[in-house]
Amino acid sequence: MSKLLIVKADQEEALFGDGGWDAVVVVGDANGLESHPEIGQLVAHAAHVDARIGKEPLMLMAPGLAGGRLVLAPTGDLDNEYEDVRRFAEAAQAGIGIALRAGARAPLLLVSGNDDLRYSQALEVALMGAGHEIYTPFDVSGPEVTLGVLGLDEVARVNALENGRIAARDLCGGDPEQMAPPAFADYCVELFSDTAVSVSVIDDPDTLKADYPLLSAVARASFAVERHAPRVVRLEYVGEGVISRNWFLAGKGVTFDTGGADLKIGGAMAGMSRDKGGAAAVAGLMATLAQLKPKGVRVVAELGLVRNSIGSEAFVPDEIIESHAGVKVRIGNTDAEGRLVLADVLSHLRESVNGCENPVMFSLATLTGHVGRAYGPYSAVIENGVARGQALGGQLQMVSEIWGEPFELSRLRREDFAQVAARSPSERLLSSNNGASVNISRGHQFPMAFLVQASGLDQHGLGSDQPIAYLHLDIAASSVEKRDPLYGQPTAVPVATLLANLLDH
Ligand SMILES: [Zn+2]
């Protein structure tokens, strides 16, 4: 575990050793720091003897500057029309990495600005990159770091955000035993005890089987193993004042996915402890809210925590199971388990909407391999008709761009509904085809057609008495670094995007 505190360094003298800082890290163009000509001079001199200046991250000896160390972390060409703000996160990550390895524990971060609107959150995104570098998993001892930042008025928000991101990374990254459903739930209970977020856990097997029948089918082979048994964690935050935003979040928390009876073979099972990134990100957002306590917003979340095990009790394809919303579902493939977990969780959240104004519902999940096939390392957002009518997906995409967690906007189509339509009179829906989503067209879009119907959200479309805007976020290719579920560090995507969407737009 590492500790990080971000502190506003408002003294210009801080640069010269009076603030206790032990390195100066410049992100971006060091020559562009007009308010700090002494740094520009140092860099200009160094450029005479080192052609890497401005091209690669590196450290200069800088007697007179805080800690005697100046780390330069260039972003590369920001004018290129296809660039985005992630350049700042990557540069800050590289620069802070050099400072930490050099021994610094109180680096001062300076971000060289850029007027382009694409880079309006460059400072915050650079802090996220720095935070990512400083983070070490909860089961490893890590440094205690105080990060100074110049030019940022409000540090409460970046600290709350980073603490939420740490929780999200801890929960996503824990191994199959450390973060099995009961352990994941315990982490949440501890995280939210005595905070502004209320937390409750459903652990009674009979209650789970009655109220979450699809989720419990996925968990059927894990009920008997106490430490692997399923949990539903419910979180609620109600801010002070008149509530103008009502959000409902469902998180997929498959703590380990063997595929079930449709067993993942050929080495495809390794990394499947990261199939809980959606639930982890929801918990991370709630942790940020618990610390920041914003006014006027209500956020209700449910996390479906299940281990998809194989065993003599395991559910199998062809079974027909009635969802919490009363929809008979034929199982197509037991490895398409995330949508089963989410459908029941969404159905419960639907009941919580209960007449409130302008409800917006989200599902967050590492749902399909197809999203990576379609979009590479990007996340996908898909809207129902109500959300599309309010352009909520486009807005989320815009926010995600400036916060360095870019989403692509996908659209739900009639073919997606045909894909999950009943194949016999005995069921109303087919959960999936019998192959891997990655191999079929529209593999990340059509699961939403299932989610909308199996959860009963199709009763809340345009023109209904209680329309509910619903956005499905597939983060299967972005919730760990480098699209590497085996060894990539969790990214905490899209906690920053959701927070900005909730508070600023
Ligand atoms: Zn699966």
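This section describes selected local features of a predicted model.

The strand β2 is considered before the side-chain contacts. Strand β2 covers residues 23-27, and 5 of its 5 residues are buried, so the strand is largely enclosed by the rest of the structure. The cover is found on both faces: A23, V25 and V27 point to one side and V24 and V26 to the other, and all are buried. Two strands pair with β2. With β5, the pairing is parallel and involves 5 bridges; in this pairing V25 stands opposite L109. With strand β4, which spans residues 69-73, the sense is also parallel, over 4 bridges. Here V27 of β2 stands opposite A73 of β4.

Aromatic contacts were examined next. A pair of aromatic rings is described by the distance of the centres and the angle of the planes. Across the whole structure, the search returns 2 aromatic pairs. One of them is formed by F88 and Y119, whose ring centres are 5.6 Å apart and whose planes meet at 55°, a tilted arrangement. F88 belongs to helix α2 (residues 86-101), whereas Y119 is placed in the loop between β5 (107-111) and α3 (122-134); the pair thus links distant parts of the chain, 31 residues apart. F88 has a relative accessible area of 0% and is buried. Y119 is likewise buried, with a value of 3%.

The rings of W247 and F362 also form a pair, with 4.5 Å between their centres and 55° between their planes, so this pair is tilted. Planes under 30 degrees apart would count as stacked and planes over 60 as edge-to-face. W247 is part of strand β9 (residues 245-257) and F362 is part of strand β13 (residues 359-365), so the contact ties together parts of the sequence that are 115 residues apart. W247 is buried, with a relative accessible area of 1%. F362 counts as buried because its relative accessibility is 1%, and the limit for this class is under 20%.

Two charged side chains are placed over aromatic rings. R169 lies over the face of Y135, at 4.7 Å from the ring centre. K209 lies over the face of F223, where the distance to the ring centre is 4.5 Å.

The model contains a zinc ion, which is coordinated by D257 through OD, by D335 through both O and OD, and by E337 through OE, at 2.0 to 2.2 Å. Along the sequence, the donor residues follow the spacing D-x77-D-x1-E. Ideal angles at a metal are 109.5 degrees for four tetrahedral donors. The 4 donor atoms around the zinc ion subtend angles of 73 to 170°, so the arrangement is irregular. A tetrahedral assignment would require all angles to lie between 85 and 135 degrees. Two of the donor residues can be described by their accessibility: D335 counts as partly exposed because its relative accessibility is 24%, whereas E337, at 0%, counts as buried.

The cysteines were checked for disulfides, and the structure holds 0 of them. For C172, the closest cysteine sulfur is that of C188, and the distance of 13 Å is too far for a bond. The converse applies to C188, whose closest cysteine sulfur is in C172, at 13 Å. C172 counts as buried, at 3% relative accessibility. C188 is buried as well, with a relative accessible area of 0%.

The backbone was also examined for unusual geometry. Most residues other than glycine have a negative phi, and most peptide bonds are trans. The peptide bond from V493 to P494 is cis, with omega near 0°. P494 is located in the loop between β17 (469-474) and α15 (495-504). The loop between β17 and α15 also contains R483. R483 is not a glycine, and its phi is positive, near 55°. R483 counts as partly exposed, at 43% relative accessibility. A positive phi is also found in K293, at about 50°, although this residue is not a glycine. K293 is found in the loop between α8 (277-292) and β10 (297-308). With a relative accessible area of 52%, K293 is exposed.

Notes: Residues numbered from 1 in each chain as written. Predicted model: local features only at pLDDT ≥ 70, side-chain atom pairs only at ≥ 80, totals over all residues. Heavy atoms only, no water. Phe/Tyr/Trp six-rings, centres within 6.5 Å; stacked < 30°, edge-to-face > 60°. Buried < 20%, exposed > 50% of the residue type's maximum accessible area, 1.4 Å probe, protein only. Lys NZ or Arg CZ within 6 Å of the ring centre and 35° of its normal. Donors = N, O, S within 2.8 Å, 3.2 Å for Na, K, Ca; no water. Tetrahedral: all angles 85-135°; square planar, octahedral: opposite > 155°, others 65-115°. Disulfide = S-S within 2.5 Å. Pairing = 2+ DSSP bridges.
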